[in-house]
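Me: Could you help me take a close look at one part of this protein? I am new to reading structures, so please go step by step.

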Amino acid sequence: MSNRIQIFAAGFLIAVLWMDLKFDFLLLPHIRAGEPATPETLDAIAAYYKRVIAAERAGGMLIASVMVAGIIACAWQVLRYETVPKSIRAALAILYLPPVLLAMFRIVPLAQRFGRQTDPLETQRAMAAEILYSHLYCFVSMTLCLGLLLWTAKSGKTAKPVRSP
């Protein structure tokens, strides 16, 4: 059961990251050209984060709930219910937990601040770039996590469950 929850959580979070990255990618032409992002580009990205983070509380609560459910499923699998070999459980924890914690404790607060656009332009550029790079890291990590979860489920890489006495 915890494997299914982790598959759902990773897939859902990949979809959320994809939506965020669609706006974050507006920075790429500026980064590739080695020039600072224009105020218009920053405004477009900030408007997205302002709407997503501030205005859509229900969506934010859903995302947070999925993150927490994934953390609980990961912890359950690692600590109590050995459904896969230890090496795979460790890899899943390494791939799932850091991006979720990064999102909860760094990306979301940074996106809230960026969405308000109260900082100087240079600070906004730095925040937008940090959000982009953090989202790319999270996307890659979650995609690898989902791939490993699906491979584990498909190949039957399971060990006998350990029940507490």
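Which residues in helix 4 meet which residues in helix 5?

Reply: Happy to help! Keep in mind that this is a predicted model.

Let's start with your pair. On the helix 4 side, the residues are Val66, Met67, Val68, Gly70, Ile71, Cys74, Gln77 and Val78. They meet Arg89, Leu92, Ala93, Tyr96, Leu97, Val100, Leu101, Ala103 and Met104 in helix 5. Sorted by class, this contact has 14 nonpolar, 2 polar and 1 charged residues.

Now for how the two helices are placed. Their axes come within 10 Å and cross at roughly 155 degrees. Angles over 145 degrees count as roughly antiparallel, so helix 4 is roughly antiparallel to helix 5. Helix 4 passes helix 5 in a left-handed crossing.

Helix 4, which covers residues 57-79, also packs with helix 1. Here the angle is about 145 degrees, and the axes are 9 Å apart. This crossing is left-handed too. From helix 1, the contact takes in Ser2, Asn3, Ile5, Gln6, Phe8, Ala9, Phe12, Leu13 and Val16. From helix 4 come Leu62, Ile63, Val66, Met67, Ala69, Gly70, Ala73, Cys74, Trp76 and Gln77. You may recognise some of these: Val66, Met67, Gly70, Cys74 and Gln77 touch helix 1 and also meet helix 5. The contact of helix 1 with helix 4 divides into 14 nonpolar, 5 polar and no charged residues.

Next, follow helix 1 (residues 2-24) to another partner, helix 6 (residues 121-155). The axes of these two come within 9 Å and cross at roughly 150 degrees, which means that helix 1 is roughly antiparallel to helix 6. Helix 1 passes helix 6 in a left-handed crossing. Among the helix 1 residues in this contact are Ile7, Ala10, Ile14, Leu17 and Trp18, while the helix 6 side includes Leu132, Leu136, Phe139, Met142 and Leu146. Asn3, Gln6 and Leu13 of helix 1 appear here as well as in the contact with helix 4. By class, the contact of helix 1 with helix 6 has 17 nonpolar, 5 polar and 2 charged residues.

One last stop is the loop between helix 5 (86-116) and helix 6, where you will find glutamine 117. Most residues other than glycine have a negative phi. Glutamine 117, however, has a positive phi, near 55 degrees. This residue is partly exposed, with a relative accessible area of 30%.

How values were computed: Residues numbered from 1 in each chain as written. Predicted model: local features only at pLDDT ≥ 70, side-chain atom pairs only at ≥ 80, totals over all residues. Heavy atoms only, no water. Axes fitted to C-alpha atoms, helices over the stretch in contact; angles between N-to-C directions. Helix = DSSP H or I, 4+ residues; strand = E, 2+ residues; numbered from the N terminus. Parallel < 35°, antiparallel > 145°, perpendicular 65-115°, else oblique. Left-handed = near helix turned anticlockwise from the far one by under 90°. Contact = heavy atoms within 4.5 Å. Nonpolar A, V, L, I, M, F, W, Y, C, P; charged D, E, K, R; others polar. Buried < 20%, exposed > 50% of the residue type's maximum accessible area, 1.4 Å probe, protein only.
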